Structures are given as structure tokens and as C-alpha cells.
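Work through these exercises with the sequence and the 3D view side by side. Try each task before you read its solution.

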Amino acid sequence: ALIAACGDPFLVLPGGALDGSTVAAPDSWSFTDAVETVQLETLPGDPYSVNIWLIALGQRLYIHAGANRSTWVENIEADPNVRLRVDDSIYELVASRVEDQDEFDRFSDAYEEKYGRRPRNENVTEAYLFRLEGR
């Protein structure tokens, strides 16, 4: 009951609206290289949040679902506006699906460097990889 009362995602269980201070997107996301897990909130009208890994490449962020068409993927397809919490800061961003294999390959290399393994399913037409950018 205590977990259900909390709006934050807990381990693999989804949550609702994220708490934190809303701040402007930074010029560089390199500080997230030291952060393993963040929280992603989708569907602003009915917030749904999850714990997720992310990769920073230059001024862009990436989140990956593999070939899993999870609830958060469906939510992004319905409304690309998302909120991302890193530590106690909330960033309002927009997600767009990556459709370029070269961009996916650069993401995969960075993913392996950060997490020590390649992402599942690296075929850009089959996997759900989203680029996050400031609104």
C-alpha cells in the first residue's frame, strides 16, 4: 500500500507524476554519464513514469526499449511530450523515434561504453530508440 501511494516509479513498477524542480535543459548532458538510472514521465494528461537508463551524446539524450512496445513507448507515440527527472531536477523534453541506422549505431557504441553491454536488438526498424530534446 505504501508503494502504491507514492507517485514515483519503484524498481520495475511504474509510477505517476514526478516531483522535483523544473529547470531548463542544459547545453550539455554530459553530467548524466555518471547517472545510471533516471525517471521518465510520459502522457502528461495521465502521468505514467518509469525508471530507465539513458545515454547522452553531445546535446542529445537517448532512451531505449529494444523491441519491447511497452506502455511508455505507446504513450510517447500518442504524445511526444515527456518529463525527465535526473536527481531532483525535472526537464521538459520532446521525444522522437530514431529512424537512422547510423545514429542508432552511435547510440549503441555509447550504450556499451556506459553499461558494459550492447543494447538488445540493434535494428533501427525493429527497436524503439527515442531521442530527447528540449521543448
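**Exercise 1. Describe the surface and overall build of the chain.**

Task: State the accessible surface of the chain and the share that belongs to carbon and sulfur atoms. Then decide how compact the chain is for its length.

Solution:
- Step 1. The model is predicted. Its chain has an accessible surface of about 7,200 Å². Carbon and sulfur atoms own 47% of that surface.
- Step 2. Turn to the inside. Of the 135 residues, 40% count as buried.
- Step 3. List the elements. The chain has three helices and eight strands. Along the sequence they follow the pattern α-β-β-β-β-β-α-β-β-α-β.
- Step 4. Test the compactness. The radius of gyration is 14 Å, and the globule rule gives 14 Å for 135 residues, so the chain is as compact as a globular protein of that length.
- Step 5. Add the outline. Along the principal axes, the C-alpha atoms fill a box of roughly 40 × 30 × 30 Å.
- Step 6. Check the contacts. Take those with a separation of 6 or more: 66% of them join residues 24 or more positions apart.

**Exercise 2. Find the nonpolar cores.**

Task: Which residues of the largest nonpolar core touch the most other members? Which elements each supply at least two residues?

Solution:
- Step 1. The largest core holds 23 residues. L40, I63, W72 and L84 touch the most other members.
- Step 2. Seek the sources. At least two residues of this core come from each of β2, β3, β5, α2 (71-78), β6 (81-86), β7 (89-97) and β8.
- Step 3. Zoom in on L84. Leaving out residues up to four places away in sequence, L84 touches ten named partners, V38, Q39, L40, L54, L61, S89, I90, Y91, L93 and L132.
- Step 4. Look elsewhere. A second, separate core has 11 residues, including F104, Y115, V124 and L129.

**Exercise 3. Check helix α3 from end to end.**

Task: Compare the expected span of α3 with the distance between its end C-alpha atoms. Then examine its buried residues and its ends.

Solution:
- Step 1. Helix α3 covers residues 101-115, which is 15 residues. At 1.5 Å a residue it should span 21 Å. The end C-alpha atoms are 20 Å apart, which agrees.
- Step 2. Pick out the buried residues. They are E103, F104, F107, S108, A110, Y111 and Y115.
- Step 3. Recall the geometry. An α-helix has 3.6 residues a turn, so residues three or four places apart point the same way.
- Step 4. Find the packing partners. The buried residues of α3 pack against β3 (48-53), β4 (55-57), β5 (60-66) and β8 (128-134).
- Step 5. Inspect the N-terminal end. D100 caps it, with a side-chain oxygen 3.3 Å from the backbone nitrogen of D102.
- Step 6. Go past the other end. G116 follows α3 and has a positive phi, near 80°.

**Exercise 4. Contrast Q39 and V23.**

Task: Is Q39 buried or exposed? Where is V23 found?

Solution:
- Step 1. Q39 lies in strand β2. Its relative accessibility is 14%, under the 20% cut-off, so Q39 counts as buried.
- Step 2. The side chain of Q39 makes a polar contact with the side chain of N51 at 2.9 Å.
- Step 3. Q39 and G15 are 24 residues apart in sequence, with C-alpha atoms 9.5 Å apart.
- Step 4. V23 is in the loop between β1 (21-22) and β2 (37-42). At 34% relative accessibility, V23 counts as partly exposed.
- Step 5. Beyond residues up to four places away in sequence, V23 touches S89, I90 and Y91.
- Step 6. V23 and L84 are 61 residues apart in sequence, yet their C-alpha atoms are 10 Å apart.

Technical notes: Residues are numbered from 1 along each chain as its sequence is written. This is a predicted model: local features need pLDDT of at least 70, side-chain atom pairs count only at pLDDT 80 or more; totals for chains, interfaces and linings use all residues. Side-chain values use heavy atoms; hydrogens and water are left out. Helices (H or I, at least four residues) and strands (E, at least two) are DSSP runs, numbered from the N terminus. The expected span of a helix is 1.5 Å times one less than its number of residues. Buried means under 20% relative accessible area, exposed over 50%, partly exposed in between (1.4 Å probe, protein chains only). Contact means heavy atoms within 4.5 Å. A polar contact is a pair of N or O atoms within 3.5 Å; within protein, one must be able to donate a hydrogen and the other to accept it, and residues adjacent in sequence count only if both atoms are side-chain atoms. The radius of gyration is taken over C-alpha atoms; the globule rule is 2.2 Å times the number of residues to the power 0.38. Accessible areas come from the Shrake-Rupley method with a 1.4 Å probe; for residues, only the protein chains shown count as cover. A nonpolar core is a set of buried Ala, Val, Leu, Ile, Met, Phe, Trp, Tyr and Cys residues joined through side-chain atoms within 4.5 Å.
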